[in-house]
Amino acid sequence: AGGTHAAAEGGFAGGTATATSTPIPSPSCAAEKAAHAAMKDEGKCEAPPPVAEPRKKEVPVEAPKSNSPKVPTTVAKAVNFEPKPELKVPKEEPKVQEQKQCRDTSTGVLRPTGETSGKDAAGKKKGVGGVEEKMGKDVGMSSFGYNESDMAYAHAPLQRPMPKCNFVYGDVVDMEWTWVVLADAMGWAHQGPLPSADKDSEHYGVWVCIAPGAILRQPCAPPQAPTGDFELACLKYHEVLREFHFWRWNAQNTNHQYSPVRPETVVKLWPVYCTWKQGDKVAVSWQQIEHLHTTQRGFFGKLDDSEKTHHYRRWACLGPQMVAVLHNRITPVKKADKVRPCVKWSPDQTAESFSYDLTCMRYHEEQEVFHFWKWNSQRTDPARIVYHKAYKSVQIYQGSSGR
């Protein structure tokens with residue numbers, strides 16, 4: 001057996017192996033013991049490895065369809081199973097609806113399908129701005145009630161000529177906050193927080209600068225200033241006494257290093273008289289009218305059958321100064337793009353009270369813009385706006401009866 005093994009090793013190393021198709025028989029168990037005896041192998045003869053049976057083809061059983069990853073149901077040899085990645089379902093593009101006409105239930109107006117009053121294409125509620133997009137390039141000074149070429153500066157409807165102002169520091173100025181707010185909207189007044197350096201007391205918090213000719217109960221002509229007639233009397237409000245105390249003049253910087261209101265701003269926002277004519281466009285949107293209606297500063301309704309046409313079915317009224325307020329503050333715009341307000345006084349004023357007139361417009365349903373119709377004082381229909389709540393006459397003297 002040893003010689004045979006050596007010969008086999010020599011033949012493999014030095015000779016050439018001859019390939020045959022006959023398989024070499026496995027050595028017997030006794031031959032294995034003899035070969036290992038020289039190597040002092042005391043181990044038992046190892047049984048030959050079991051012959052693996054031919055693997056049966058496994059047919060997976062289909063599981064019910066579901067959104068979860070598929071898992072084989074047959075039990076087989078352990079494998080590293082990796083779930084399939086979830087399929088991303090592409091979002092469906094919105095279908096384009098045919099442009100059919102439908103009637104808006106809130107207004108009774110025919111609109112394209114999918115478009116509703118007060119909502120944009122995405123269905124979100126519109127803001128109170130956006131009138132520039134509707135009117136485009138037609139938004140000019142005439143849309144705000146005046147033309148730069150022939151405008152006339154407006155004044156409060158008080159008796160003239162007025163005496164010269166003689167206010168000194170600390171004088172009480174007889175005025176109410178309700179008029180300050182209205183004069184602010186009309187362009188005659190400005191408000192702001194009082195600087196710490198100008199607070200004589202902790203009871204002063206805000207300042208108000210107003211045209212002296214618009215101080216209703218103490219009107220006077222301002223002293224000569226660098227801005228001419230565009231001078232403002234600046235007051236401080238005492239929070240405890242609830243009084244306005246004279247502080248300084250706005251443009252005269254003799255004892256001050258700054259002006260509470262820039263002189264160019266005073267001139268730019270000084271009001272003028274309105275000059276709208278019938279058919280002129282007005283820079284207001286229907287959404288803005290609805291916004292003002294909640295505070296009773298805007299009014300709207302349906303036109304009478306005698307006034308109704310194919311394009312005009314609704315009307316709206318508001319104070320003319322509010323057109324500029326909506327543009328300057330609600331939209332809002334840059335300082336350079338601000339426009340001056342325009343005013344018009346109602347003809348039924350008295351020596352004790354007066355009121356501003358209302359701009360009444362008709363709404364063009366197809367163009368979605370307002371056209372000037374007439375002044376509220378010229379209306380004779382039952383829907384004419386009367387004085388009440390937010391819209392009321394201004395009392396010139398304290399204790400006078402206003403409507």
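This is a short tour of two sheets, the helices lying across them, and a pocket. Keep in mind that you're looking at a predicted model.

**Stop 1: a five-stranded sheet.** Select β3, β7, β6, β5 and β4, and you'll see an open sheet with its strands in that order and antiparallel pairing. Its edge strands are β3 (172-173) and β4 (189-193), each of which pairs on one side only. Now zoom in on β5 (residues 204-210) and β6 (residues 233-238): these antiparallel strands are joined by five bridges. To spot a matched pair, pick Val208, whose bridge partner in β6 is Leu235.

**Stop 2: the helix across that sheet.** Add α4, which lies across β4, β5, β6 and β7 (243-249) and runs at about 110 degrees to β4.

**Stop 3: another sheet of five.** Next, select β9, β15, β14, β11 and β10, which form an open antiparallel sheet in that order. β9 (281-282) and β10 (298-302) each have a single partner strand, so one side of each has no neighbour in the sheet. β10 pairs with β11 (residues 312-318) over five bridges, again antiparallel. Try Lys302 here: opposite this residue, in β11, stands Arg314. Then bring in α6, which lies across β10, β11, β14 (359-364) and β15 (369-375), at about 115 degrees to β10.

**Stop 4: the largest pocket.** Which residues lie nearest the centre of the largest pocket? Select Thr178, Trp179, Val181, Leu182 and Ala390 to see them, out of 35 lining residues. Elements giving two or more residues to this lining are α4 (177-186), α6 (286-293), α7 (321-330) and β16 (394-395). The pocket's volume is about 800 Å³. Colour the lining by class and you'll get 17 nonpolar, nine polar and nine charged residues.

How values were computed
Residues numbered from 1 in each chain as written. Predicted model: local features only at pLDDT ≥ 70, side-chain atom pairs only at ≥ 80, totals over all residues. Heavy atoms only, no water. 1 Å grid on protein atoms, 1.4 Å probe; cavity = no way out; pocket = protein on both sides within 12 Å on 5 of 7 lines; lining within 4 Å. Points joined across faces, edges and corners; volume = space filled by probe spheres on them. Helix = DSSP H or I, 4+ residues; strand = E, 2+ residues; numbered from the N terminus. Nonpolar A, V, L, I, M, F, W, Y, C, P; charged D, E, K, R; others polar. Pairing = 2+ DSSP bridges. Contact = heavy atoms within 4.5 Å. Axes fitted to C-alpha atoms, helices over the stretch in contact; angles between N-to-C directions.
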